[in-house]
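Trainee: I am new to this model and would like a close look at a single part of it. Please choose one element and explain how it sits within its chain and against its partner.

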Amino acid sequence: MGVSATNFSRSGVSDWIIQRFSAVVLALYTVFIVGYFVSHSGLTYAEWKEFFSCTAVRVFTLLALISTVAHAWIGMWTISTDYLKAAGIRFVFQTVCFLAMFVYLAWGIEIIWGV
Amino acid sequence: MNQKRPVNLDLSTIKFPLPALTSITHRVAGVILFVGVAFLLVALSASLESEQGFSEIKSAMTSGFGSFITWGLLSALGYHFVAGIKHLVMDMGIGETKEGGQVLAVLTILFGGATVVLAGVWVWA
(Lines give C-alpha, C1' and ligand atoms only; values in the text may rest on other atoms or scores of the structure.)
Protein backbone atom coordinates (compact mmCIF):
# COMPACT_ATOMS: atom_id res chain seq x y z
CA MET A 1 0.00 0.00 0.00
CA GLY A 2 1.59 3.21 -1.09
CA VAL A 3 4.93 1.61 -1.90
CA SER A 4 4.49 1.51 -5.67
CA ALA A 5 6.80 4.53 -6.08
CA THR A 6 9.75 2.25 -5.32
CA ASN A 7 9.17 -0.21 -8.13
CA PHE A 8 11.13 -0.23 -11.36
CA SER A 9 9.16 2.12 -13.55
CA ARG A 10 6.46 3.52 -11.24
CA SER A 11 3.84 1.60 -13.19
CA GLY A 12 2.72 -1.98 -12.90
CA VAL A 13 1.94 -2.19 -16.60
CA SER A 14 5.39 -1.07 -17.74
CA ASP A 15 7.00 -3.34 -15.13
CA TRP A 16 4.98 -6.16 -16.66
CA ILE A 17 6.12 -5.28 -20.19
CA ILE A 18 9.78 -4.85 -19.16
CA GLN A 19 9.63 -8.21 -17.36
CA ARG A 20 8.32 -9.94 -20.52
CA PHE A 21 10.70 -8.18 -22.91
CA SER A 22 13.75 -8.93 -20.74
CA ALA A 23 12.53 -12.52 -20.30
CA VAL A 24 12.47 -13.06 -24.07
CA VAL A 25 15.95 -11.53 -24.46
CA LEU A 26 17.30 -13.75 -21.67
CA ALA A 27 15.61 -16.86 -23.09
CA LEU A 28 17.19 -16.21 -26.51
CA TYR A 29 20.60 -15.50 -24.95
CA THR A 30 20.37 -18.69 -22.88
CA VAL A 31 19.65 -20.77 -25.99
CA PHE A 32 22.49 -18.98 -27.82
CA ILE A 33 25.13 -19.55 -25.11
CA VAL A 34 24.06 -23.11 -24.25
CA GLY A 35 24.05 -23.86 -28.00
CA TYR A 36 27.58 -22.47 -28.26
CA PHE A 37 28.86 -24.64 -25.39
CA VAL A 38 27.12 -27.75 -26.70
CA SER A 39 28.58 -27.26 -30.18
CA HIS A 40 32.10 -26.51 -28.79
CA SER A 41 32.64 -29.40 -26.38
CA GLY A 42 36.45 -29.19 -26.33
CA LEU A 43 36.42 -25.42 -25.95
CA THR A 44 39.86 -23.78 -25.84
CA TYR A 45 40.89 -20.38 -24.48
CA ALA A 46 41.68 -19.10 -27.97
CA GLU A 47 38.20 -20.01 -29.29
CA TRP A 48 36.51 -18.53 -26.21
CA LYS A 49 38.51 -15.30 -26.43
CA GLU A 50 37.77 -14.99 -30.14
CA PHE A 51 34.06 -15.60 -29.50
CA PHE A 52 33.92 -12.74 -26.99
CA SER A 53 35.94 -10.38 -29.18
CA CYS A 54 33.15 -10.54 -31.76
CA THR A 55 31.13 -7.31 -31.57
CA ALA A 56 27.78 -9.04 -32.07
CA VAL A 57 28.47 -11.37 -29.12
CA ARG A 58 29.50 -8.41 -26.96
CA VAL A 59 26.38 -6.43 -27.87
CA PHE A 60 24.11 -9.44 -27.27
CA THR A 61 25.85 -10.09 -23.94
CA LEU A 62 25.42 -6.44 -22.94
CA LEU A 63 21.73 -6.62 -23.86
CA ALA A 64 21.40 -9.80 -21.78
CA LEU A 65 23.22 -8.12 -18.87
CA ILE A 66 20.91 -5.09 -18.94
CA SER A 67 17.92 -7.45 -19.22
CA THR A 68 19.21 -9.47 -16.25
CA VAL A 69 19.49 -6.38 -14.07
CA ALA A 70 16.01 -5.07 -15.00
CA HIS A 71 14.41 -8.53 -14.76
CA ALA A 72 16.07 -9.31 -11.41
CA TRP A 73 15.15 -5.91 -9.96
CA ILE A 74 11.46 -6.35 -10.82
CA GLY A 75 11.53 -9.93 -9.52
CA MET A 76 13.32 -9.10 -6.27
CA TRP A 77 11.11 -6.05 -5.74
CA THR A 78 8.01 -8.21 -6.18
CA ILE A 79 9.34 -10.82 -3.75
CA SER A 80 10.34 -8.21 -1.16
CA THR A 81 6.93 -6.52 -1.22
CA ASP A 82 5.20 -9.92 -0.96
CA TYR A 83 7.19 -11.42 1.91
CA LEU A 84 8.93 -8.64 3.82
CA LYS A 85 6.25 -6.79 5.72
CA ALA A 86 8.53 -4.75 8.00
CA ALA A 87 9.34 -1.54 6.10
CA GLY A 88 12.88 -1.23 7.50
CA ILE A 89 13.94 -4.76 6.58
CA ARG A 90 12.31 -4.40 3.16
CA PHE A 91 14.17 -1.14 2.55
CA VAL A 92 17.52 -2.69 3.50
CA PHE A 93 16.80 -5.74 1.31
CA GLN A 94 15.85 -3.59 -1.68
CA THR A 95 18.91 -1.38 -1.18
CA VAL A 96 21.21 -4.41 -1.13
CA CYS A 97 19.51 -5.73 -4.29
CA PHE A 98 19.85 -2.37 -6.01
CA LEU A 99 23.56 -2.11 -5.15
CA ALA A 100 24.12 -5.69 -6.37
CA MET A 101 22.40 -4.87 -9.71
CA PHE A 102 24.56 -1.78 -10.07
CA VAL A 103 27.74 -3.75 -9.38
CA TYR A 104 26.65 -6.48 -11.84
CA LEU A 105 26.06 -3.90 -14.54
CA ALA A 106 29.27 -1.91 -14.07
CA TRP A 107 31.43 -5.02 -13.56
CA GLY A 108 29.78 -6.85 -16.46
CA ILE A 109 30.39 -3.96 -18.86
CA GLU A 110 34.03 -3.88 -17.75
CA ILE A 111 34.39 -7.62 -18.43
CA ILE A 112 32.65 -7.49 -21.81
CA TRP A 113 34.58 -4.51 -23.16
CA GLY A 114 37.80 -4.91 -21.18
CA VAL A 115 39.76 -2.00 -19.82
CA MET B 1 -7.69 -1.21 4.48
CA ASN B 2 -10.02 -3.15 6.76
CA GLN B 3 -7.81 -4.21 9.66
CA LYS B 4 -10.36 -6.75 10.88
CA ARG B 5 -10.47 -8.72 7.66
CA PRO B 6 -10.15 -12.49 8.09
CA VAL B 7 -6.58 -13.70 7.71
CA ASN B 8 -5.08 -17.15 7.69
CA LEU B 9 -1.33 -16.98 7.95
CA ASP B 10 -0.75 -20.45 9.35
CA LEU B 11 0.77 -21.89 6.19
CA SER B 12 0.69 -25.42 7.60
CA THR B 13 -3.12 -25.32 7.47
CA ILE B 14 -3.13 -24.41 3.77
CA LYS B 15 -2.86 -27.09 1.12
CA PHE B 16 -0.98 -25.56 -1.77
CA PRO B 17 -2.31 -26.41 -5.22
CA LEU B 18 0.27 -27.52 -7.79
CA PRO B 19 0.36 -24.16 -9.66
CA ALA B 20 1.22 -22.44 -6.34
CA LEU B 21 4.13 -24.84 -5.80
CA THR B 22 5.48 -24.36 -9.33
CA SER B 23 5.14 -20.59 -8.85
CA ILE B 24 7.07 -20.49 -5.57
CA THR B 25 9.74 -22.71 -7.14
CA HIS B 26 9.98 -20.21 -10.01
CA ARG B 27 10.64 -17.48 -7.44
CA VAL B 28 13.20 -19.55 -5.52
CA ALA B 29 15.03 -20.35 -8.77
CA GLY B 30 14.98 -16.64 -9.65
CA VAL B 31 16.62 -15.68 -6.34
CA ILE B 32 19.24 -18.42 -6.85
CA LEU B 33 19.99 -17.03 -10.31
CA PHE B 34 20.21 -13.47 -8.97
CA VAL B 35 22.95 -14.60 -6.56
CA GLY B 36 24.42 -16.90 -9.22
CA VAL B 37 25.07 -14.01 -11.61
CA ALA B 38 27.96 -13.02 -9.30
CA PHE B 39 29.53 -16.48 -9.81
CA LEU B 40 28.94 -16.29 -13.56
CA LEU B 41 30.63 -12.88 -13.78
CA VAL B 42 33.63 -14.17 -11.80
CA ALA B 43 33.82 -17.11 -14.22
CA LEU B 44 33.46 -14.91 -17.31
CA SER B 45 36.06 -12.45 -16.08
CA ALA B 46 38.66 -15.09 -15.18
CA SER B 47 38.02 -17.19 -18.29
CA LEU B 48 38.65 -14.24 -20.60
CA GLU B 49 41.62 -12.86 -18.67
CA SER B 50 44.26 -15.48 -19.44
CA GLU B 51 44.89 -19.02 -20.63
CA GLN B 52 45.60 -20.00 -17.01
CA GLY B 53 42.41 -18.33 -15.72
CA PHE B 54 40.42 -20.15 -18.41
CA SER B 55 41.70 -23.60 -17.44
CA GLU B 56 41.31 -22.85 -13.73
CA ILE B 57 37.67 -21.83 -14.18
CA LYS B 58 37.04 -24.78 -16.47
CA SER B 59 38.24 -27.29 -13.89
CA ALA B 60 36.58 -25.41 -11.01
CA MET B 61 33.21 -25.56 -12.78
CA THR B 62 33.43 -29.17 -13.90
CA SER B 63 34.99 -31.01 -10.94
CA GLY B 64 34.39 -31.55 -7.25
CA PHE B 65 32.13 -29.17 -5.33
CA GLY B 66 32.18 -26.64 -8.17
CA SER B 67 30.41 -29.09 -10.47
CA PHE B 68 27.47 -29.11 -8.02
CA ILE B 69 27.30 -25.32 -8.19
CA THR B 70 27.37 -25.48 -11.99
CA TRP B 71 24.62 -28.10 -11.96
CA GLY B 72 22.60 -26.10 -9.43
CA LEU B 73 22.80 -22.92 -11.47
CA LEU B 74 22.00 -24.73 -14.73
CA SER B 75 19.04 -26.42 -13.01
CA ALA B 76 17.74 -23.13 -11.63
CA LEU B 77 18.17 -21.58 -15.09
CA GLY B 78 16.41 -24.50 -16.80
CA TYR B 79 13.47 -24.51 -14.41
CA HIS B 80 13.13 -20.70 -14.42
CA PHE B 81 13.27 -20.77 -18.26
CA VAL B 82 10.47 -23.37 -18.48
CA ALA B 83 8.29 -21.67 -15.83
CA GLY B 84 8.86 -18.36 -17.63
CA ILE B 85 7.72 -19.87 -20.94
CA LYS B 86 4.59 -21.01 -19.09
CA HIS B 87 3.96 -17.39 -18.09
CA LEU B 88 4.34 -16.23 -21.68
CA VAL B 89 1.96 -18.98 -22.84
CA MET B 90 -0.60 -17.93 -20.25
CA ASP B 91 -0.14 -14.28 -21.28
CA MET B 92 -1.46 -15.33 -24.67
CA GLY B 93 -4.63 -16.49 -22.95
CA ILE B 94 -3.81 -20.20 -23.07
CA GLY B 95 -4.64 -22.31 -20.00
CA GLU B 96 -6.20 -19.56 -17.90
CA THR B 97 -8.86 -21.86 -16.42
CA LYS B 98 -8.41 -23.79 -13.18
CA GLU B 99 -7.92 -27.04 -15.13
CA GLY B 100 -5.61 -25.34 -17.63
CA GLY B 101 -3.48 -24.00 -14.79
CA GLN B 102 -3.19 -27.52 -13.39
CA VAL B 103 -2.14 -28.95 -16.77
CA LEU B 104 0.45 -26.21 -17.32
CA ALA B 105 1.82 -26.74 -13.78
CA VAL B 106 2.28 -30.46 -14.53
CA LEU B 107 4.01 -29.60 -17.83
CA THR B 108 6.26 -27.10 -16.01
CA ILE B 109 7.33 -29.84 -13.59
CA LEU B 110 7.92 -32.34 -16.41
CA PHE B 111 9.92 -29.99 -18.67
CA GLY B 112 11.62 -28.23 -15.75
CA GLY B 113 12.58 -31.60 -14.28
CA ALA B 114 13.92 -32.63 -17.69
CA THR B 115 16.24 -29.60 -17.77
CA VAL B 116 17.52 -30.50 -14.27
CA VAL B 117 18.31 -34.05 -15.44
CA LEU B 118 19.86 -32.84 -18.71
CA ALA B 119 22.01 -30.33 -16.78
CA GLY B 120 23.28 -33.18 -14.61
CA VAL B 121 24.06 -35.30 -17.68
CA TRP B 122 25.85 -32.35 -19.26
CA VAL B 123 27.98 -31.65 -16.18
CA TRP B 124 28.86 -35.22 -15.18
CA ALA B 125 28.43 -37.48 -18.20
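Mentor: Two residues are in contact when their C-beta atoms, placed from the backbone, lie within 7 Å. By that rule, residues 24 or more positions apart account for 70% of the contacts in chain A with a separation of 6 or more. In chain B, too, 70% of the contacts with a separation of 6 or more join residues 24 or more positions apart.

The model is predicted: local features need pLDDT of at least 70, side-chain atom pairs need pLDDT 80 or more, and totals for chains, interfaces and linings use all residues. Residues are numbered from 1 along each chain as written, with chains lettered from A and ligands numbered from 1 in the order of writing.

The part I propose is α1 of chain B, which runs over residues 18-49. Its setting comes first. Chain B holds four helices and zero strands (DSSP runs of H or I with at least four residues, and of E with at least two, numbered from the N terminus). From the N terminus on, the order in chain B is α-α-α-α, and the C-alpha trace spans about 60 × 35 × 25 Å along its principal axes. Chain A likewise contains four helices and zero strands, following the pattern α-α-α-α along the sequence. The C-alpha trace of chain A extends over about 55 × 25 × 20 Å along its principal axes.

Consider now the helix itself. With 32 residues, α1(B) reaches 45 Å from its first C-alpha to its last, close to the 46 Å expected (1.5 Å times one less than the number of residues). Nevertheless, α1(B) has a kink of about 35° centred on Val35(B) (the angle between axes fitted to the seven residues ending there and the seven starting there).

Its surroundings can be read from burial, judged by other C-beta atoms within 10 Å of a residue's own: 20 or more is buried, 12 or fewer exposed, and in between partly exposed. Of the 125 residues of chain B, 24% are buried, while the figure for the 115 residues of chain A is 16%. The buried residues of α1(B) are Pro19(B), Thr22(B), His26(B), Ala29(B), Gly30(B), Leu33(B), Phe34(B), Val37(B), Ala43(B) and Ser47(B). Within chain B these buried residues pack against α2, α3 and α4 (98-124), and across the chain boundary against α2 (45-53), α3 (55-83) and α4 (87-113) of chain A.

The contact between the chains takes 18 residues from chain B and 18 residues from chain A. On the chain B side, α1 (18-49), α2 (51-62) and α3 (64-91) each supply at least two residues. Among these, α1(B) gives the most to that side, with 10 residues.

The helix also takes part in the largest nonpolar core (buried Ala, Val, Leu, Ile, Met, Phe, Trp, Tyr and Cys joined through C-beta atoms within 7 Å), which has 20 residues. Trp73(A), Leu33(B) and Ala76(B) have the most contacts inside this core. At least two of its residues come from each of α3 of chain A and α1 and α3 of chain B, and α3(A) gives the most, with eight residues.

Finally, the segment before α1 of chain B contains Thr13(B). Thr13(B) is exposed, because 7 other C-beta atoms lie within 10 Å. From Thr13(B) to Trp122(B), C-alpha to C-alpha, the distance is 40 Å, with their positions 109 residues apart in sequence.
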